[in-house]
Amino acid sequence: MIRLSKSTLRGFKFGDETSLQRNANNPLISQNLRDSFPYPFGLDDALSWISMNYDQQNPVNLAITVNDEVVGGIGLVIQKDIYRFNAEMGYWLAEPYWHRGIMTEAIVAMVQYGFNSFGVTRIYAG
């Protein structure tokens with residue numbers, strides 16, 4: 001768990017599905033993410049995401065929470081083979097939380113977490 005001044009970054013947990021679904025279900029979010037991020041984002045999508053990311057020792061995908069409600073997500077894709085020291089970062093934030101500095105703070109924290117936890121030397125976003 002990474003406590004920031006405006007939010008907290010933590011692993012996803014069961015019980016997050018309602019707030020995850022509600023906050024991720026927005027075409028303005030999905031249009032700027034990879035095609036694998038669905039719109040509409042249903043409760044089954046939320047449960048699937050939580051199941052994939054639940055209970056990991058060093059999670060690569062973290063929930064961005066405000067008052068323990070999932071309002072966004074941020075994660076790393078650690079590359080393989082000769083690119084193994086690189087990680088691609090992806091992130092999203094629910095529209096009601098835009099322009100508050102939450103994502104700026106989360107990105108800085110995630111970069112530090114990535115360098116310290118996964119031995120990468122380069123983090124980039126597509």
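Modeller: Helices here are DSSP runs of H or I with at least four residues, strands are runs of E with at least two, and both are numbered from the N terminus. The model before us is predicted. With these names, R34 can be placed in the loop between α2 (27–30) and α3.

Biologist: Is R34 buried or exposed?

Modeller: A residue counts as exposed when its relative accessible area is over 50%. R34 has a relative accessibility of 54%, and therefore it counts as exposed. The C-alpha atom of R34 lies 22 Å from that of D16, and the two residues are 18 apart along the chain.

Biologist: Where is S30, and is S30 buried or exposed?

Modeller: S30 belongs to helix α2. The cut-off for a buried residue is under 20%. S30 has a relative accessible area of 13% and is therefore buried. Apart from neighbours within four places in sequence, S30 is in contact with F37, P38 and Y39.

Biologist: How should one read the packing of helix α1 against helix α3?

Modeller: Two packed helices are described by the distance between their axes and by the angle between them. In this model, the axes of α1 (residues 17–24) and α3 (residues 43–53) come within 8 Å and cross at roughly 120°. An angle between 115 and 145 degrees counts as oblique, so α1 and α3 are oblique to each other. The crossing of α1 past α3 is right-handed.

Biologist: Which residues of α1 and α3 meet?

Modeller: On the α1 side they are E17, T18, L20 and Q21, and these meet L43, A46, L47, W49 and I50 of α3. Sorted by character, the residues of this contact comprise six nonpolar, two polar and one charged.

Biologist: Which strands pair with β3, and in what sense?

Modeller: Strand β2 (residues 8–10) pairs with β3 in the antiparallel sense over three bridges. Strand β4 (residues 69–78) also pairs with β3 in the antiparallel sense, over six bridges. T65 of β3 shows both pairings: T8 stands opposite T65, and T65 stands opposite V70 in β4. β3 and β4 form a hairpin with two residues between them, and N67 in the turn has a positive phi of about 55°.

Biologist: How many residues of β3 are buried?

Modeller: Six of the six residues in β3 (residues 61–66) are buried, so the strand is mostly covered by the same cut-off of under 20%. Both faces are covered, with N61, A63 and T65 buried on one side and L62, I64 and V66 buried on the other.

Technical notes: Residues are numbered from 1 along each chain as its sequence is written. This is a predicted model: local features need pLDDT of at least 70, side-chain atom pairs count only at pLDDT 80 or more; totals for chains, interfaces and linings use all residues. Side-chain values use heavy atoms; hydrogens and water are left out. Axes are lines fitted to C-alpha atoms, for helices over the stretch in contact, and angles run from 0 to 180 degrees between N-to-C directions. Angles under 35 degrees count as roughly parallel, over 145 as roughly antiparallel, 65 to 115 as roughly perpendicular and the rest as oblique. A crossing is left-handed if the near helix is turned anticlockwise from the far one by less than a right angle, and right-handed if clockwise. Contact means heavy atoms within 4.5 Å. Ala, Val, Leu, Ile, Met, Phe, Trp, Tyr, Cys and Pro count as nonpolar, Asp, Glu, Lys and Arg as charged, and the others, Gly among them, as polar. Buried means under 20% relative accessible area, exposed over 50%, partly exposed in between (1.4 Å probe, protein chains only). Two strands pair if DSSP finds at least two bridges between them.
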